[in-house]
Amino acid sequence: MTAPIAVAAGAPFAKLLSVASFVPSRVVDNAEMCTWIDSSDEWIQQRTGIAERRWVGEGEDVETMALAAARTAIERSGVPAAEIGAVIVATVSYFHQTPSMAAKLAHQLGTNGAAYDISAACAGFCYGLAQAEALVRTGAARYALVIGVEELSRFTDIHDRGTAFLFADGAGAAVVGPSETNGIGPVVWGSDGGQAEAITQTSEWNEAVSTGERPYLTMDGRSVFKWASGFITEATKNVLDVAGLAPADLDVFIPHQANNRITDAMLRHLKLPEHVVVARTIKQFGNNSAASVPMAMDALLSSGEARSGQTALLIGFGAGLVYAGQVVTLP
Ligand code: UT7
């Protein structure tokens with residue numbers, strides 16, 4: 001008889017134990033931005049909601065930001081770093097192909113757990129959270145650390161009128177662990193590679209060697225805007241449905257901080273009640289891609305606009321095109 005293979009013992013449910021962020025020090029306001037592109041503070045604020053954005057300053061980069069956010073998230077969770085069984089880093093702006101940033105960070109944080117990077121652009125944190133939840137419930141890891149981090153200032157052409165004012169830097173991190181009640185709802189996620197060109201890079205990194213020109217992000221803003229305010233709004237409704245909740249059950253809405261007008265379009269269709277707190281951190285932080293959802297979550301909790309134990313809907317969407325969202329109990 002074939003010997004049965006043992007099954008890992010997982011937790012009944014998973015939840016967010018903590019969240020933290022790192023906001024880089026350099027403030028780039030719209031006036032400074034308009035020294036590089038033909039635009040105005042009024043246009044940028046009206047079209048996006050961005051008043052200023054954060055870029056890395058002296059001594060800061062994609063790794064130092066990730067490490068700082070991760071250290072605070074671990075400290076807040078109360079989990080010994082050595083017990084973290086998985087470190088997942090979501091980013092599109094770590095330019096070292098191999099090894100992964102996650103493996104290096106895991107070592108610096110004091111864990112030898114599984115470690116890997118994922119590329120899911122602005123949906124990256126929500127992708128990572130879905131994986132962390134599954135790892136904890138299946139027993140593949142008792143605790144998992146998810147980091148969303150971007151240094152998009154290095155990946156943006158400051159002279160490109162279509163993207164320069166939008167993208168920014170920052171990091172957010174969260175620890176996921178076992179729970180007796182459910183704190184992370186089913187993920188709604190997917191992709192549309194047919195729209196791969198909607199947000200892409202101008203060339204491949206290896207071409208930079210011969211041409212001397214590094215690649216930058218490029219975006220067909222209008223088509224992404226249309227997809228986000230249409231298809232993604234429907235996906236956001238599904239996030240609530242699969243969690244078995246109604247709009248009135250929500251306390252907080254944390255959409256990826258892509259553009260306040262996309263958030264407005266979502267709100268018009270979702271018909272969320274007045275009491276729901278809506279993240280608008282794009283005003284000070286810009287669009288931080290994989291870092292935007294955890295940065296916004298931490299900012300709302302730190303300012304007291306949101307509280308631990310409240311129910312929040314997260315949705316991330318971006319280059320791929322890809323998207324992911326889930327309902328969570330705030331840590
Ligand atoms: O995070 C990943 C997901 N990304 C997104 O979700 C981004 C989605 N897209 C957007 O947020 C918007 O498309 C942008 C903010 C990027 C652009 O706003 P828009 O309202 O879609 O601008 P547009 O490209 O439709 O251009 C409208 C007008 C044009 O002028 P005319 O033809 O109407 O006279 C542009 O030439 O605005 C002009 N324009 C600008 N004016 C001042 C375009 N860019 C600028 C600029 N400053 N930077």
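**Briefing: cores, salt bridges and ligand contacts**

Leaving aside residues up to four places away in sequence, Met297 touches Leu16, Val19, Ile254, Leu314, Val328, Leu330 and Pro331. The structure is a predicted model. Met297 also belongs to the largest nonpolar core, which has 38 residues. The points below cover this core and a second one, the salt bridges, the ligand surroundings and the residue Leu217.

**Nonpolar cores**

- Within the 38-residue core, the members that touch the most other members are Leu129, Val176, Ile254, Met297, Leu314 and Val328.
- Helix 5 (residues 124–138) supplies seven residues, the largest share of this core.
- Both domain 1 (13–179) and domain 2 (188–329) contribute to this core, with at least three residues from each.
- Separate from it is a second core of 28 residues, whose members include Val62, Leu105, Ala106 and Leu109.
- Three of the residues that Met297 touches, Ile254, Leu314 and Val328, are also listed among the core members with the most contacts to other members.

**Salt bridges**

- Side chains of opposite charge can pair when their charged atoms come close.
- The whole structure contains six salt bridges, and the following bullets describe the pairs Glu32–Arg26, Arg76–Asp298 and Asp264–Arg280.
- In the salt bridge between Glu32 and Arg26, the closest N and O atoms are 2.4 Å apart.
- Glu32 has a relative accessible area of 25% and is partly exposed; Arg26, with 31%, is also partly exposed.
- Arg76 pairs with Asp298 in a salt bridge, with 2.9 Å between the closest N and O atoms.
- Because Arg76 lies in helix 3 (residues 62–77) and Asp298 in helix 11 (residues 292–303), this pair ties together parts that are 222 residues apart in sequence.
- Arg76 counts as partly exposed at 46% relative accessibility, whereas Asp298 counts as buried at 6%.
- A further salt bridge joins the side chains of Asp264 and Arg280, at 2.8 Å from N to O.
- Asp264 is in helix 9 (residues 260–270) and Arg280 is in the loop between strand 12 (277–278) and helix 10 (282–285); the pair links distant parts of the chain, 16 residues apart.
- Asp264 is partly exposed, its relative accessible area being 29%, and Arg280 is partly exposed at 30%.

**Ligand surroundings**

- The ligand is surrounded by 21 residues, of which Ser39, Arg47, Arg222, Asn259 and Asn287 are the closest.
- In the side chain of Asn259, an N or O atom lies 2.7 Å from an oxygen atom of the ligand.
- For Asn287, a polar side-chain atom is 2.7 Å from an oxygen atom of the ligand.
- His256 places a polar side-chain atom 2.8 Å from an oxygen atom of the ligand.

**Leu217**

- Leu217 is part of strand 10 (residues 217–219).
- With a relative accessible area of 10%, Leu217 is buried, because buried residues are those under 20%.
- Not counting residues up to four places away in sequence, Leu217 touches Leu152, Phe155, Asp160, Thr163, Phe167, Thr200 and Gln201.
- The C-alpha atoms of Leu217 and Asp117 are 19 Å apart in space, and these residues are 100 residues apart in sequence.

Technical notes
Residues numbered from 1 in each chain as written. Predicted model: local features only at pLDDT ≥ 70, side-chain atom pairs only at ≥ 80, totals over all residues. Heavy atoms only, no water. Core = buried A, V, L, I, M, F, W, Y, C linked by side-chain atoms within 4.5 Å. Buried < 20%, exposed > 50% of the residue type's maximum accessible area, 1.4 Å probe, protein only. Helix = DSSP H or I, 4+ residues; strand = E, 2+ residues; numbered from the N terminus. Domains from an automatic or database assignment. Contact = heavy atoms within 4.5 Å. Salt bridge = Lys/Arg side-chain N within 4 Å of Asp/Glu carboxyl O. Near = heavy atom within 4 Å. Polar contact = N/O pair within 3.5 Å; in protein donor to acceptor, adjacent residues only side chain to side chain.
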